[in-house]
Amino acid sequence: MMNHSSLDTTMTFTSYGSFRLINYFFFTLTLLVYLLSIFSNVFLMLVIYFEASLHKPMYIFLFNLAVNGLIGSSTVWPKVMENLLSDTQKSSFLACVVQVFWCHFYIATAYTTFSVMAYDRYVSICKPLQYHSIMTPGKVKTLLTAASVVPLSSISVPLYLIYRLPLCKYATQNLFCDVMTLHNLSCVKSALVNLYSLCMVTSFVIFPCIIVLLSYAVILNVSLKASKDAQKKALSTCSPHLITFVNFGVATLFFAIYNRYSSFLPREVYVLITADWFAFPPLLNPIIYGIRTQEIRKCVVKTVRKKERFFRNY
């Protein structure tokens with residue numbers, strides 16, 4: 001059994017295998033995706049921050065989603081790249097616990113932010129005359145705080161329970177650490193951990209999904225009764241959110257299926273699911289919002305032209 005008073009225990013990731021020359025290709029590809037994710041999210045954040053016309057609830061929530069995307073990609077990919085170039089893919093137990101914390105914070109915060117954004121779109125489209133009285137600066141701050149603080153505090157409990165469990169195995173086939181990895185490696189299968197994990201899934205996955213689906217059901221009902229111009233406007237503001245939400249939801253569903261039937265599914269499925277959770281959303285979300293949202297698109301073009309004039313004059 002593992003003595004948790006000593007944090008020098010080493011976890012081993014067996015899925016990478018021994019170092020091969022092709023690892024340089026995977027390392028380069030991962031690094032490219034990671035750097036593009038950082039650039040696209042930081043660029044979107046800067047555009048929202050410096051453009052006064054984007055200082056609205058919708059874009060403030062999008063700013064929060066971009067910050068969360070940076071957290072998600074930075075939690076997984078640097079360690080994956082390190083393992084790709086190493087003959088021994090290992091991690092300390094403490095580093096594994098820290099990674100578990102930030103992975104689940106990223107996932108939970110993504111869902112809470114999606115639900116807050118869906119509520120904002122519902123108020124904007126279904127109650128346009130009351131929008132500014134409902135979405136006050138104080139309420140926006142409260143929603144943003146709840147979207148981050150509630151996952152932050154809630155995730156700490158199952159992580160502490162997992163941390164207290166003694167480990168009998170120290171090798172995992174996963175690419176990175178998560179709660180189920182540590183739970184499966186423990187000597188004791190805790191019913192309390194399973195119960196709390198179920199509550200977490202209900203609170204931070206199922207409940208936000210219900211909020212999003214109900215919001216868009218009402219939005220669809222209202223839009224069908226509106227004019228063609230109103231329908232186009234609703235589609236242009238809602239489609240980026242729906243695309244990113246559906247992508248994240250599908251990845252969650254696949255991950256749940258994989259955890260249940262991992263012995264029957266190839267390892268490549270797990271790699272694709274990992275990429276769909278931690279690579280594609282942070283990379284594609286800013287691009288999707290930049291292309292599909294007219295206000296952001298105009299501000300991006302305006303920013304690029306300013307930079308071009310600056311460099312010409314310089």
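**Notebook: cavities, a pocket, a sheet and a helix pair**

I began with the second largest cavity, whose lining residues divide into three nonpolar, two polar and two charged. I note that I am working on a predicted model.

**Entry 1: the second largest cavity**

I looked up its volume and got about 40 Å³. Which residues line the second largest cavity? I listed M58, M117, D120, R121, T237, H241 and Y289. Next I sorted the lining by element. Both α3 and α8 (228-260) supply at least two residues each. Which element gives the most to this lining? It is α3, with three residues.

**Entry 2: the search for cavities**

I then went back to the whole structure. How many cavities of 30 Å³ or more does a search find? The search finds three. I recalled the idea behind it: a probe the size of a water molecule is rolled over the atoms, and this shows where empty space is left.

I turned to the largest cavity, which holds about 60 Å³ of space. Its lining consists of L65, N68, G69, Y106, A110, F114, F248, P281, P282 and N285. The elements giving two or more of these residues are α2, α3 (93-126) and α10 (280-292). How do the lining residues divide? I noted seven nonpolar, three polar and no charged. I set this beside the second largest cavity, where two charged residues are in the lining.

**Entry 3: the second largest pocket**

Pockets came next. The second largest pocket has a volume of about 690 Å³. I found 21 residues lining this pocket, and the closest to its centre are F26, T30, W77, L175 and V271. Three elements give two or more residues to the lining: α1 (22-50), α2 (57-84) and α9 (267-278). Which of the elements gives the most? I wrote down α9, with six residues. By kind, the lining has 14 nonpolar residues, four polar and three charged.

**Entry 4: the sheet**

I looked for strands and found an open sheet of three, ordered β2-β1-β3, with mixed pairing. Why is one side of β2 and of β3 left without a neighbour in the sheet? Strands β2 (90-92) and β3 (171-172) stand at the edges, and each has a single partner strand, so one side stays free of a neighbour.

I reminded myself that strands of a sheet pair through backbone hydrogen bonds, either parallel or antiparallel. Here β1 (residues 10-13) pairs with β3 in the parallel sense, over two bridges. I picked out F13, whose bridge partner in β3 is T172. Helix α3 packs on this sheet and touches β1 and β2. The direction of α3 makes about 85 degrees with that of β2.

**Entry 5: α3 against α5**

I stayed with α3 and checked α5 (residues 137-164) beside it. The axes of the two helices come within 9 Å and cross at roughly 145 degrees. Is the crossing left-handed or right-handed? I noted right-handed.

Then I went through the contact residues. From α3 they include F93, V97, F101, F105 and Y119. From α5 they include K139, L143, P151, L152 and Y163. What kinds of residue make the contact? They divide into 15 nonpolar, six polar and one charged.

**Entry 6: looking back**

I kept meeting α3. It gives two or more residues to the lining of the largest cavity. It gives the most to the lining of the second largest cavity. It packs on the sheet, and it crosses α5.

Conventions:
Residues numbered from 1 in each chain as written. Predicted model: local features only at pLDDT ≥ 70, side-chain atom pairs only at ≥ 80, totals over all residues. Heavy atoms only, no water. 1 Å grid on protein atoms, 1.4 Å probe; cavity = no way out; pocket = protein on both sides within 12 Å on 5 of 7 lines; lining within 4 Å. Points joined across faces, edges and corners; volume = space filled by probe spheres on them. Helix = DSSP H or I, 4+ residues; strand = E, 2+ residues; numbered from the N terminus. Nonpolar A, V, L, I, M, F, W, Y, C, P; charged D, E, K, R; others polar. Pairing = 2+ DSSP bridges. Contact = heavy atoms within 4.5 Å. Axes fitted to C-alpha atoms, helices over the stretch in contact; angles between N-to-C directions. Left-handed = near helix turned anticlockwise from the far one by under 90°.
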